[in-house]
Amino acid sequence: MHRISWHSDFRRKYTVVFRVIWGALLNCIYSMVDLCTYVNRGKCLFGKPFDGGKRMDHGSQQQQQQQQQQHPAMMRLYEVQREVQSLGPQVCTFSGLKNEREYRRLERELTRLLLEVDQVDTEGRADLQGARKRAAQEVEGLLRYLEENATHPSRLAIEELSREAQRLVEQGVVEPQRAGGTAEISDELVDAVQELILKLTQVKTGGRVPLRKARYRALTRLCAVQDVIEGRTRQQTLPLPLSEDTHAAVQKINQIMVQVSGARSQLVALLMGLSGRDSCAHLSRVLTELLVELDALDVSGNAAVRNYRKQVVEEINGLLKHLDLEGEGDDTRRYDLAQNDSIRQIEAVRGRVCQLRGEVLRHCGVGDLFRPKPELQSLLTHLDQVDTARNPCIREARRRAVLEVQAVITFLDLREALICRQPCQNEPQQHRAVWMVLGSLSDLQAQVLCFEGKRADKNYILLEELLTKQLLALDAVDPQGDEMTKVARKQAVKFAQNILSYLDMKTDEWEY
């Protein structure tokens with residue numbers, strides 16, 4: 001009986017201990033499940049977990065979570081968070097200025113949400129206070145991001161360049177057309193527009209989507225204007241329209257041609273924001289009706305008239321392709337050029353050039369001459385075939401890649417010329433001095449090719465100073481009437497200037 005009693009007591013104690021351990025394990029599992037569910041309940045705009053505040057340490061975590069979720073203050077904070085999530089993408093892609101209607105709307109909505117967050121009664125609870133603080137920080141972050149982009153120096157620079165373009169186009173194209181005359185497009189106007197386009201491509205965006213979007217929109221419109229006025233310039237050099245005696249349809253084609261000329265100026269005004277009453281949709285309908293009228297003309301049997309009509313149709317189609325710029329820049333794949341296929345091709349070429357450049361410099365360091373010129377020439381051919389789609393940023397990226405390839409080629413050419421040089425005994429002293437400068441320039445170019453720094457670096461200042469000294473040394477060479485020395489010195493000066501330009505290009509922090 002004593003042994004049976006001892007075993008019974010052991011089983012009871014073992015059962016109690018097992019139940020305690022098993023219950024604790026189940027509570028731990030339930031707590032982990034509840035924690036994961038609670039943390040993942042909502043996410044803020046930038047992907048960080050919004051847990052609604054920290055939990056209290058005492059009491060059941062599951063009961064604590066249910067109390068928080070049912071608390072009116074926490075439910076209101078969740079509603080604010082949902083509104084912030086809907087406004088976030090609009091704020092992050094807004095590319096306008098502070099005086100625009102969309103900016104004022106976003107600012108008003110965010111300010112309203114911030115006031116509602118401030119009015120949430122936390123009843124002195126630490127968890128609710130933490131949740132309210134985080135919600136307020138999210139709204140304040142969006143407000144700050146909105147204002148920083150609208151007042152960023154690069155955004156203001158884009159706006160100033162756009163206004164300058166407006167003034168040029170209004171004086172050179174729009175005002176003469178409104179006065180009832182015909183705008184004669186001068187070469188000065190074409191050059192001025194091209195200069196503004198280059199300035200726009202040099203505006204730094206720092207990778208910010210709103211700034212990149214604003215720059216892209218300004219560039220696309222100005223490039224469209226450039227295309228239109230260049231088309232007008234080409235038209236000014238074309239022969240006069242056909243005589244009305246040639247065919248019965250010529251009179252109608254001439255009338256349509258006059259309307260197309262007016263539509264061209266109207267399109268320029270629309271693209272530059274100088275037309276308050278008209279719209280792209282209205283102009284598109286007008287041009288489409290002109291196409292229908294041209295298509296209805298019977299010009300069979302006369303090749304000259306048929307070609308004339310074809311020319312007018314091409315003029316109209318050339319204008320129509322620019323009328324879809326109303327929403328230009330809203331597509332990320334367009335203004336995010338890092339995703340552009342042409343840019344990817346250019347970057348692939350630049351990567352290969354970097355590898356070849358390293359090989360060339362490494363072989364030169366040991367006194368050998370690595371000659372990858374055939375491959376470099378093939379890379380230039382590949383760059384020529386890259387489609388820029390008339391995008392100035394892609395054109396500039398390709399131009400810079402071409403200069404990188406050409407810099408390596410000219411370095412190899414000079415190195416090879418220095419190695420193969422065999423001066424004659426009666427060589428003039430001044431000619432020998434030019435070759436000495438070229439030898440120094442070759443060494444400096446090797447340093448420029450491997451330079452990876454900024455303009456404020458000491459190495460940049462030193463290289464610039466040394467290259468300037470070589471230019472002064474060339475300027476001090478007196479050819480004394482020797483024609484060969486004149487040509488050699490001229491080429492050496494051009495070579496030194498190209499090295500300086502290449503050094504500046506590597507340090508101007510350009511971006512696409």
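**Exercise 1. Work out how the buried residues of α10 are arranged and what they pack against.**

Start with the list: C280, L283, L287, L290, L291 and L294 are the buried residues of α10, where buried means under 20% relative accessible area, exposed over 50%, and partly exposed in between (1.4 Å probe, protein chains only). Look down the helix axis next: these residues fall within an arc of 105°, so they line one face of α10. That arc is taken from the directions from the helix axis to the C-beta atoms.

Before going on, a word on the model: it is predicted, so local features need pLDDT of at least 70 and side-chain atom pairs pLDDT 80 or more, while totals for chains, interfaces and linings use all residues. Residues are numbered from 1 along each chain as its sequence is written, and side-chain values use heavy atoms, with hydrogens and water left out.

Now flip the helix over: the face turned away from the buried side carries the exposed residues E289, V292 and A296. Finally, check the neighbours: the buried residues of α10 pack against α9 (250-271) and α11 (303-320), with contact meaning heavy atoms within 4.5 Å.

**Exercise 2. Find the aromatic pairs and describe their geometry.**

There are two of them. Ring centres must lie within 6.5 Å; planes under 30 degrees apart count as stacked, over 60 as edge-to-face and the rest as tilted. F94 and Y103 are tilted, at 6.0 Å centre to centre and 45° between the planes. F451 and Y460 are tilted too, at 6.4 Å and 40°.

Last step, burial: F94 is buried at 9% relative accessible area, and Y103 is buried at 2%.

Terms used:
Helices (H or I, at least four residues) and strands (E, at least two) are DSSP runs, numbered from the N terminus.
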